Structure formats: structure tokens, C-alpha cells
Amino acid sequence: MSWLTDYVRPKIRALYTRDKPDVPENLWHQCPSCERMIFHRDLDGNQRVCPHCDHHMRVGPDYRFGALFDEGSWQQLEMPKSPPDPLKFRDQKKYVDRLKEAQAKTKAVDALEAALGRIDGLPAVIAVMNFEFMGGSMGTALGEGFVVAAQAAVKHDAAFIVVTASGGARMQEGALSLMQMARTTVAVEEVKEAGLPYIVILTDPTTGGVTASFAMVGDLHLAEPGAMIGFAGARVIEQTIREKLPEGFQRAEYLLAHGMVDQVVHRFQLRATLARLLDLLLRPDRATEARVITDVPPERVAPPKAAEVGGKVDAEHAEPRK
Ligand SMILES: [Zn+2]
């Protein structure tokens, strides 16, 4: 025992082992597209879009609510609890354990969260799928939550907006997860019967049973740039049809060009685009105004090209064959 061991050594050890609570972890993120490193503040300040290559990173419900609703105008809807693990399913792990892990990680009941609020002053319910929660898979709890969100939109005379991100149906719930496809579609029908708009925002990735149900029955389909949207994976399709698939297959831009998506909207423009659409759809008087503004006198309308009249070649406007 000496002054050195009693006093100096503990001091030095304390210097190295002290917890550093004010230094956050993961200060740098690697872009999955261009693989460059991005400082976390730069990424957050850029709406989680890569400043180098414009890749849109996946974001969860909390982020979407904050980005799309008017500040302080929204309130989260309570998602119903459904009986966990109806089939007592087990693969490498028990399904109940997987559920508990996902719930602890995301602090949510299941892969869907919804909130009621205002977008540019207009009422809307936004339901957001969380890919972090078991790949955004659709089980009974998600179906139940979707119905609650749709009914809230009807009750409050609000537009219903869904932000999708999903790997498809939740296989741990077998046929029960497939039943949610019909269930969610019926919930959408209730919104439409109430005369309210249903808008789908397709984000990366939207696949499987979600694409085959509520994600494709919107009044309008918006998509984020580069989002993968499809039913089966490209590799499976290639193996089945034994053909090489075209470039950009199942990407938002490809689907826009082929009529499955109405508009590809950059994340920076998403809120403004929704505000404009809701203004047109929820205020009929404004829609009439817009129509008047865009009405062009008939003599100034250019004759449609053959391709624009549904493939029917109008003899008068047909281009001569070469
Ligand atoms: Zn990048």
C-alpha cells in the first residue's frame, strides 16, 4: 500500500471507466445505397434522406407523424390488443417471444400505429406501418389496428392516409394473417362509402399481402423515390417465368410509368403534396375553383395523340405510318 496504489491508480482508472452519458451512440450512419458515411445530425436535418445520393432511409411512425401533421395538432390513437399467438407457433423461437422482443424494441403494440390530427388545418388520420416491427408484417393485431384507424377517420370526417412498409403477411399467424387482407379492404370501403378520401403512400419496401390488399385500393397512390413495391420478389418471378426482368422492375418510378402509382413524391414534398390533395378532396368548393383555373378554352387544346386516347386511333389525329 502506498500513495501510488491508494490514490493515483484509482483516479486513473476512474478516468477511463467513467460512463459518458452525454455522448450518443451511432454518431455516423452508413447509407445503404451509396455506402458513404453521414453524420447523424446531417441525416436528421435532411429528413433522413442521404445528402449524397438522395436515398430515402426507412423511417418509423413517430417520425412520419411529426413530419406530416401540423405541429402539435395530432394525437396518437390507442391500438387494440389482440390475442397473441393464436396458433401457438414456434420456429427457432416462440412467436410470443419474438413479439415481446419487437414490442420492447419499438415500444409499440404491433407493426401499425395511427394518429388523428391536421394537415394544413384539414383533418386526417394517418396510419403508419413500422418495418422495424417484425418486417412490418400483417397479423391480426395490425388488421385490428387498421380497422380502428379507418373507423376513426369516418367518425371524425377525416381523410384516411396510410404509409405502407411491409414484408407481407405474418406467417406465424398462418391463415389468420391472410384474412386481414379482406378485413382491411372492407375497412377501406367504409371510408370510401363515407365519401372520404383514402390515400396510400407506398414506401420502401411494400410487398406481399399488403400490396395485395389495402395498399392497392387507394383513391390515390403516392410513392417515395426508389421504393421497392411488389407482390412476390423479383428473384422468384424471374425463376418462375424464366425471363430476365427489366431494369428498375418493382421500383416506384417503374410503377409510375406503368400506371400503378399516381405520383412519385420526394420526402421533402410529401407534406405539401398531401396538403394540396386534401384541400382539393375535402373542400369541394376548392376543387371547383381549381377546375376553373385549369380550364383552357377549347381552341387552345392540342389534339390528343393516338397513344393518349386509350390506344384507339382516331383517324383525324393519327400520325401517318412511316
Ligand atoms: Zn447515399
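**Exercise 1. Find how much space lies in the largest pocket, and describe its lining.**

Step 1. Start with the volume: the largest pocket holds about 300 Å³ of space. Here a pocket is an open set of points on a 1 Å grid over the protein atoms alone, with protein on both sides within 12 Å along at least five of seven lines, whereas a cavity is a set of points where a 1.4 Å probe fits but cannot get out; lining residues have an atom within 4 Å of a point. Grid points are joined across faces, edges and corners, and the volume is the space filled by probe spheres set on the points.

Step 2. Before going on, note that this is a predicted model, in which local features need pLDDT of at least 70, side-chain atom pairs count only at pLDDT 80 or more, and totals for chains, interfaces and linings use all residues. Residues are numbered from 1 along each chain as its sequence is written, and side-chain values use heavy atoms, with hydrogens and water left out.

Step 3. Now look at the walls. The lining has 13 residues, and Gly-60, Pro-61, Thr-106, Asn-130 and Glu-132 lie nearest the centre of the pocket. Helices H3 and H4 (95-106) are the elements that give two or more residues to this lining, and H3 has the largest share, with three. Helices (H or I, at least four residues) and strands (E, at least two) are DSSP runs, numbered from the N terminus.

Step 4. Sort the lining by class: four residues are nonpolar, three polar and six charged. In this scheme Ala, Val, Leu, Ile, Met, Phe, Trp, Tyr, Cys and Pro count as nonpolar, Asp, Glu, Lys and Arg as charged, and the others, Gly among them, as polar.

**Exercise 2. Which residues line the largest cavity?**

Step 1. Count first: there is one cavity of 30 Å³ or more. The largest cavity contains about 40 Å³ of space.

Step 2. Its lining consists of Met-79, Pro-80, Val-109, Asp-110, Leu-112, Ala-141, Leu-142 and Gly-145. Helix H5 (residues 140-155) supplies the largest share, three residues.

Step 3. By class, this lining has six nonpolar residues, one polar and one charged.

**Exercise 3. In what order do the seven strands of the open sheet stand?**

Step 1. Read across the sheet: the order is S3-S4-S5-S6-S7-S8-S9, with mixed pairing. Two strands pair if DSSP finds at least two bridges between them.

Step 2. Check the edges. Strands S3 (75-76) and S9 (263-264) each have a single partner strand, so one side of each is left without a neighbour in the sheet.

Step 3. Follow some of the pairs. S5 (residues 122-129) and S6 (residues 159-166) are parallel over five bridges, and Val-125 stands opposite Phe-160 in S6. S7 and S8 (residues 220-223) are parallel too, over four bridges, with Val-200 opposite His-221 in S8. S8 and S9 are parallel over two bridges, and Leu-222 has Gln-263 in S9 as its bridge partner.

Step 4. Add a helix. H3 (residues 61-68) lies across S3, S4 (112-119), S5, S6 and S7 (198-206), and runs at about 10° to S4. Such an angle runs from 0 to 180 degrees between the N-to-C directions of axes, which are lines fitted to C-alpha atoms, for helices over the stretch in contact.

**Exercise 4. Where is Cys-34 found, and which residues does Cys-34 touch?**

Step 1. Locate the residue: Cys-34 is in the loop between S1 (28-30) and S2 (37-39).

Step 2. List the contacts (heavy atoms within 4.5 Å). Leaving out residues up to four places away in sequence, Cys-34 touches Cys-50, His-52 and Cys-53. Cys-34 and Cys-53 are 19 residues apart in sequence and 6.4 Å apart in space, C-alpha to C-alpha.

Step 3. Judge the exposure. Cys-34 is partly exposed, because its relative accessibility is 27%. Buried means under 20% relative accessible area, exposed over 50%, and partly exposed in between (1.4 Å probe, protein chains only).

**Exercise 5. What is unusual in the backbone at Glu-35 and at Pro-205?**

Step 1. Recall that most residues other than glycine have a negative phi, and most peptide bonds are trans.

Step 2. Glu-35 is not a glycine, yet its phi is positive, about 65°. Glu-35 sits in the loop between S1 and S2 and counts as exposed, at 55% relative accessibility.

Step 3. The peptide bond from Asp-204 to Pro-205 is cis, with omega near -15°. Pro-205 belongs to strand S7.
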